[in-house]
Every structure is written in C-alpha cells, then in structure tokens.
Amino acid sequence: MEKQSNENISQTACLRAIAAGRKPSFQDIILTLSDYWARQGCVILQPYDTEVGAGTLHPATTLRALGERPWKAAYVQPSRRPKDGRYGENPNRLGHYYQYQVILKPNPINLQELYLNSLYEIGIDPKLHDIRFVEDDWENPTVGAWGLGWEVWCDGMEVSQFTYFQQVGGFDCKPVSGELTYGLERLTMYVQGVENVYDIDFNGQGVTYGDVFHENEVEQSTFNFEYSNVEILERWFKDAETQCNILLDAKLPLPAFDWALKASHLFNLMDARGVVSPTERQSFIARVRDLAKGSAAAWIDKLEEQKQEALK
Amino acid sequence: MAEFLLEIFSEEIPARMQKRAMEDLAKMVSDALAKNGIVVENPKSWVAPRRIGLCIENLPNQTPEVREEKKGPKLGSPQPAIDGFIRASGISSIDEARIENDPKKGDFYVVDIVKPGSKTTEILANALPQIIQSFPWPKSMRWGVGNLRWVRPIHSIIALFDGALVDFEIEGVKSGNKTEGHRFHGNGVFEVSNYADYQNKVANANVMIDREDRKAEIMRQIGDICAANNLELIEDIGLLEEVCGLVDKPVVILGQMDESFLDLPPEVIRLTLRINQKYFVLNSKTTGKLAPNFIVVSNVAAIDGGKAIAHGNARVLAARLNDARYFWDLDRKTTLESRVEKLDKIVFHQKIGSLGDKVKRIVELAGELAPIVGADVELAKRAALLAKADLVTEMVGEFPELQGVMGRYYANNDGETQDVANAIMEHYKPVGPSDYVPTNPVSIAAALADKFDTLVSFFAIGEKPTGSGDPYALRRAALGIIRIILDNNLRLPLGIRVNGELQSFFLDRLKVYLRDEGYAHDVIDAVFANQDDDLVRIVNRIKALFEFLKTSDGENLLAGFKRATNILKAEEKKGDLGQILVVNPQHLKENAEKALFSALQQNDAILTEKLQKEDFACAMKTLAQCRAPIYDFLDNVLVNDNDQNIRLNRLALLQNLRQQMRQVADFEQIRG
C-alpha cells in the first residue's frame, strides 16, 4: 500500500470534520471513502441508473468480476428493497438506502489492511474499538453468485461485508475479486452516535437524513404496499424478460443485464405486495436467475471474443 | 532428536471450524510421518483466529535404512525369469546375487536390497504441500490469481525442522520463519527460530495460541466481573467455544442495558444477546432473574479501559432489543387463531403440501389420539390448530429458534387455556435426546399428532432416512414418539397409526434406544421375536427378562433350555419329525419325563394368566418352576429311545417346553 503522509490524511473530509470539533457527516463519510479508494487506484464510478436490490448488482461488480482483466472500482449505490419499507416509522429499516461498494480484482493480499485503513480514515480508532472479522458467507442465488468472507463488526455492530468472490453467474471467478460493502447509514449512525436513521447529520450544516429521505420512505412505502398494480407489474416482468432474451440472442450482454435487473426489481415489487405464493416465488426467482446467468454467459463470450480478436 | 514447528498464518478462520482444523492438522502430519516409518508421539497443535500450528518433538533427523531380502528364481531357471529378476532387484548381473538353499525349493537366488533412509526434513517438505492442498475444510476458497484453496487467504507459513527451514512452495506461498502477532496489539512481522522462541514471541505479541487457555482466561475474567458486581453467569459452553475462536487475547467487558427491556420474554433477550451479539447472559444474584447486563468478549484492550466498546455494544443491543420489542408489541395485536389461515401459503414440502394442510391433519389426529392419552378432545384439537400459528409472527420470523416458545406467550395473551398454551410450546418436544418429554395429556396429543403426521407424510412420498442422511429429522421424530409413549406409559399399539415399513422403522429406533439404555442386543432380540407392537409391553418384557437372566433361576433355566433345544434342533435337522408333535401321556415311561410333563401342564394355565396381566416377572418365575424337572429329564432320560413312539413323544415334550417359553421370549436368541 502507498505511504501517505499525515498531511494527506488530515485532508480527508472526516478528519477535517473531527478537527473542526464535529462528528463526520453522512456525506463526509462518502467523500472520505471515495477519496481513500481513489488513492488505492480505484475508478470512482457513480450509482448505476437502474433500480437494484444491492450494490453488488451494479454491472461494475457483477459483470466485471468475470473474466481475467484486472479491475478496481468504487461507488455509492442506492439499493431498493420494497419489502423493507416501513413508511418512515422504523428507526433502522428502509426501503431505499445506500451502500458503498468497492471491488478489487484480483484482490490484493493486503485487502484486510486496506479496508481497516479506510475505517481509520473515517475516524474509527482501532485502539478504542473492537473490530472483528466474523464468518459470513455471501450468496446471491438470483445471479448465481457466492463467495466466502466475513461481516466486519465494530463494537458488535455489523459495519461492512467483506467477500472473496468465488463464482458469479455460475462461472468461477479467476482471478478472485475482493468485494467490500459498507452499509453507509449504519456506519454513519455508529460514527455519529445516533439511534434513528432519520437523525443522521447529512451534510454537517443542519440537513438531516430525514429532511432528505423521510417523505420518500413514506410515499414509496405507500406505493410499494398499497398502490403498486400487480397486473401491470406482472406484464412488465414478462416484457422485461422478453426484451432481455431478445438482447441475449443479439449477443448484447450489457443491455441484456439491464433488463435482467429490471425484471428483478419488478419481482421485488410484486413480492412486497405479498401476493406471490411460495411456489410462484421460486419460479420468478428462477426466471430472473436465467436472465442474469444468460447475461453473465454472454458477457464471458464477449470477453473471450475480444481476447481472440486481440491475439490476431 | 529434533523438533518440527509448523504454523499456517491466514486471515480470520471461522470460529466453528477452528478446533477440528487443529485436530486434522495434527493427524495429517503425524500420518504422513508414520507412512515414512516415523512414529509420532503427542503432537501438540493449536489454533487461534488467524493461525493453526503444530509442534512435534523427538523426531529423528533421518529414517533408518531399510534392508530387504528379495528372493528370486531357482538356479537354472529359464533366462527370461532370471533377466526379470535382475531388472526388478536393480543389480547388473546375476553374479551379484547370493545363492541360498531351501530343502523344498532347492537352490535359488537372493539379492539384499538396501533402501537408504530419508531426511525427515525432506519427508516433511514433500508431504506438507499435499497436506495443505488436501486439507478438509468444510468450505474453502481461492484468492488473488492463485489456485490454492484454504479456508481464507494464507499469508505466511512457518516450517522449521531442528531450527532449519523446511523448504517448500505452494502457489507462490513459500515456507519461512516469519509470522505476526495480534492484529491490533502485535508488533508487525517477526522471525522465530524454534518452538520455545515461537511461543515466547507470539505471547509477547499478544496472542494466546492455546484455545483452552483462552477459554480459561475468559471464564476467569467473567468470574472476577461477576464476583465484583453480584452477578451470576448463565453458563453457555457453546458460546464459550465460539467466542474463544474470535479473539487472540480475550478482554472481557461488562455492558449495561436499559432495565425496561427486562419486560420482554427472557427467551427473547437471551437469544438476542447470544445469537445476534455473541454476548454472555447474566442473572442478578439479588433477584435470581435476568440482570440488565451482558458480557462481551473483546479482542482489544482499549486505551479507555473498554468504555467505548461497552457503550457501542450497548447501543447495538438496544437497537436489537427495540426491534424485538416492536415485534413483541405488533405480534400481540393479532390472535394466533387469525393467523392460522396464513399457513396455507407456506409450503411444508412440495410433494406433501402446505403447512395449513399439515395443521388440518394434525387437528384431526390429535382429536383421535386424545381419548387414548387421556386428553380432552376439544383442547387437544385446539392446541393442534394453533401449534404452528406462531411461525407467521414477526418474532419467530426473526428468531426461528423461538418457535413454540412465542406461541405459548401469544396464546396466553389471547386468553387460551394454560393446557393449550403449554401444548403449543411442548408439541415440538422432545427436541433432542437431552430434552424433556411432555407429560400433560394435551401436550402429548399434540406432540404425537405432529410427529406421526410428519413420519407418515414423508414415508408416503418415499423420503426415508438413509444410512448417512436424514434431512427431515425423521429418526428424531420417531424417537420422540417412542420416548413420549414410554415415559408416559401410554398403551398405544403402533398398529393403530403405523404399519409395514414405517412400523419396522419405529421398532428399529426402539432397538437402538434400548441398546443406548444399556440392554444387551440378544435380550432385545429375544423379546422382539414376539412381534409385539405395543412399546410399553415390549419394554416391560425386556426389563423383566433382563432382570430374570441375572438371577440364578434364570441362568440355570436358560442353560437347561439350551441343552434341551440343542437336542431338539439336532433331531429336527434329520427331517423325520414332520410338523408339531403332540405328547401322548400313554407313552410317558420314566418318572423324570412324567414330572416334566406335569410341570409344563401346571405352568400352562398360570402362564396364560400372568401374561394376560402382563406380569412378566411372575411369568418368568413360573417358567423357572420347570428348571429342576428339565435337568432331571436331561440327566436321566435318553431322548433317542429305540422305540420310535417313545422317541417322538420325548421330542414332543421338548417342543412343548420350547413352545411354552416362547410365549415369554425367544430364549434361543439369548447367548448362554
């Protein structure tokens, strides 16, 4: 890892905030993480512009984890989980929240150290806090992906997920990518010492998380649980599936994957209405998996083609 | 004599895998050495979150050379045979072979082959890569660009034999003499020269490598804290085993929670602490109830004495308990009864149907069983109806371990009767061999109905346990039924509910159960030969037989019976006896045979009565009345009389004896 002078570190947003006598804000943490991972050579991306249930599903992670080409990226990804919406009434649960996502391929051997350094820069002092790597294997059946790793605990609070990808789309990851997911709201609540997500200091200048997102949680929950029209969703799901398959036939894995993500989100919306029976549920998940796996397979074919092309 | 030191340093090894890994490592290295003729005594192995290691002392530097005599063909054998022997024994000409003489074989060639010994360090260098590559982790992974698999990425390996490097490399990881200490309280990378040096330096770098030491240290610190705060630890061996795998050097910290949380059911608090947070739970010595405290085992000796850690953990716990309170409050707004219909949407098993279907079946079954077990029919049906309803509550969704327990709380809240509320919890019982068996008739009816239904349903779709697999815990369900029936002395012949293959399955489980209880298998087999399906009667018979055989009456009767049946079997083998013979009193000549006949006749009526009453001890005493007449008969009467009528009559007498004893048990199965 590159050596950094103290001067450089003191320039991170979090440490500036601490120096100014206040706790790091939500956006200080985002800025600090981006700054930190940029210094580790990551491409700093912006959120993907379609609804996803987890930051992993950004093609910069799911697809880029496949193939041989090295890749380093970091980004914030809003995640939508319609079922988890609580009308803005639950202090810990949200239907829309942020994850900070880092992927390093191949994983450097000092990835744990790099990760811990990112926590130090946020202002978590390892001499004061109990940071632990607790076994937690990760699996996402809808994209045929799994990996081994840990939940990272800070004083008993899960602040990140740390995973070594073994398979994506049913294909072996070679080389292996290291993936880090920071739960931004939780991490901030921890750092700021607040008990309710809506009390998070967003910008350090008087705007709270509630100011920005509370109304959104209320309205989106109302939509998710009361006004979303299952017939329409089902129709759109079928259309997304059809569109994805057309794109797979045309060997266009990137747009195909977009439509797989759309199908996945539409299914999540239907699921939130509680009208999907367990059997149907399995069948919907299998259909999304086919689309995602198909996209992964097409992407691998594409990479192989490009490799052959380059050899000519 | 030399020492071998090995340490594999990696990223954090899952706690649940550590102990086994330490044992596997010791076994695999010992086996590899044993294969090369080196006997290993007492390998020491250890495990901590980031390392497994071992040390073997008193190893030879070298294995001794092995001399082997290779025998070849006879002198004057055809040339191809001699050429073959030359090749096989590695000599260049047959002149190098000795000639030996054997009185039978004559002169033949012999070559003395000397295999030089190997250096132990080379044996290790060859064996270790393979041991590492084939290590039986429950789950392993690749990392970076390599193909090596380990539980988590390996960072370094120490391999020193007699202080010198055991040189090997796997997938870019080279053996060496360096390691690290505690992740946060270590001093970076350091070198070690031998085991003593290693122990010293690792300890200085704040790692306790011995998990037993860590466990003892955790318990010592907890003891101190409890003593100082008038608290009592609720012991939790499983949790201790786990947390000792999460710390290099334990620092035990006492945390505090808001007392208002103590309104929640204690099971909920304990599970939240234990499962979600890995905290130890405490009782207040003053109240004898849960204390508003918890114990966290930290890996860091914080500069503020652990205040921030205690505070942080308390906040996380508060959030968890607030969640639990939210579920508790929300769940109590809906009755269990109104949740039952939701079970229709939950698949119990694809081929069997929904949980709702299961509930409908067990309601009916519990109603049928109720009169047999002495339960009120309506209460039994009510308990069965509500038994699964807590599965669709928020709390059980969060803590599946609380199924049944929450059902009882919610049933009380709904105003159900105490019998029904308890039966909702107890219908899962007994959960394992150490769990208790319900005794309340309503609980019994619900527990039996649920378990019978599970067994019948899975057997009907062909999902039976196999030698290795029992994914639906059917053995446990059958054993549960057996224990409920036996402990409650229930007269419930299996044939009422199960037949054929499933009944045999039950009887097999009963046999296993009885063997575990200490009954010899020949005694068990002797009673099972009667093909009874009433478990209580079977077990009473076995108990009586077991006791009877311990008495001198029993022992002698058995010996006499064996002698008698041996004669009978020898004669039956000849094949001229036909079917069953009848004793003709006219043909009884000797006093001894008359006496035996009359003893058998006298016994007959008494035996029938005792068996009717299921007084097996008395029945066996009755049999023992024959003891003297049998010996008298065997000692003084020649069965194979020349007169065929007399011979057949005496054999019939022995058949009568066997027949009579078989009513009690098949004594032929018992080893004398």
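A polar contact, as I use the term in these entries, is a pair of N or O atoms within 3.5 Å, where one must be able to donate a hydrogen and the other to accept it.

**Entry on Gln161(A)**

I began in chain A of this predicted model, and I looked up Gln161(A), which sits in strand β7, the run of residues 157–168. Its side chain makes a polar contact with the side chain of Asp136(A), and I noted a distance of 2.7 Å for that pair. Is Gln161(A) buried or exposed? I recorded a relative accessibility of 13% for Gln161(A), and because buried means under 20%, this residue counts as buried. Leaving aside residues up to four places away in sequence, I found that Gln161(A) touches Asp136(A), Trp150(A), Glu151(A), Glu179(A), Leu180(A) and Thr181(A). Asp136(A) therefore appears in my notes twice, as a residue that Gln161(A) touches and as its partner in the polar contact.

**Entry on the second largest pocket**

I turned next to the second largest pocket, which holds about 1200 Å³ of space. I counted 27 residues in its lining, and those that lie nearest its centre are Lys83(A), Gly274(A), Lys342(B), Val392(B) and Glu394(B). Which elements give two or more residues to this lining? I listed α9 (253–272) and α10 (278–311) of chain A, together with α8 (307–331) and α12 (394–398) of chain B. Of the lining, the largest share comes from α8(B), which supplies 4 residues. Sorting the lining by class, I wrote down 11 nonpolar, 5 polar and 11 charged residues.

**Entry on the domains of chain B**

I then looked up how chain B is divided, and the domain assignment gives domain 1 (2–62 + 119–204), domain 2 (66–115), domain 3 (211–331), domain 4 (343–487) and domain 5 (551–669). Going back to the second largest pocket with these bounds, I saw that domain 3 and domain 4 of chain B each give at least three residues to its lining. For domain 2 and domain 5 of chain B, I noted that their C-alpha centres lie 69 Å apart.

**Entry on Glu609(B)**

My last stop was Glu609(B), which has its place in helix α21, residues 591–612 of chain B. How far apart in space are Glu609(B) and Leu330(B)? From C-alpha to C-alpha I found 62 Å, for two residues that are 279 residues apart in sequence. The side chain of Glu609(B) is joined to that of Lys613(B) by a polar contact of 2.8 Å. I recorded a relative accessibility of 36% for Glu609(B), so this residue counts as partly exposed.

Conventions. Residues are numbered from 1 along each chain as its sequence is written. Chains are lettered from A and ligands numbered from 1 in the order in which they are written. This is a predicted model: local features need pLDDT of at least 70, side-chain atom pairs count only at pLDDT 80 or more; totals for chains, interfaces and linings use all residues. Side-chain values use heavy atoms; hydrogens and water are left out. Buried means under 20% relative accessible area, exposed over 50%, partly exposed in between (1.4 Å probe, protein chains only). Contact means heavy atoms within 4.5 Å. On a 1 Å grid over the protein atoms alone, a cavity is a set of points where a 1.4 Å probe fits but cannot get out, and a pocket is an open set with protein on both sides within 12 Å along at least five of seven lines; lining residues have an atom within 4 Å of a point. Grid points are joined across faces, edges and corners, and a volume is the space filled by probe spheres set on the points. Ala, Val, Leu, Ile, Met, Phe, Trp, Tyr, Cys and Pro count as nonpolar, Asp, Glu, Lys and Arg as charged, and the others, Gly among them, as polar. Domain bounds come from an automatic or database domain assignment.
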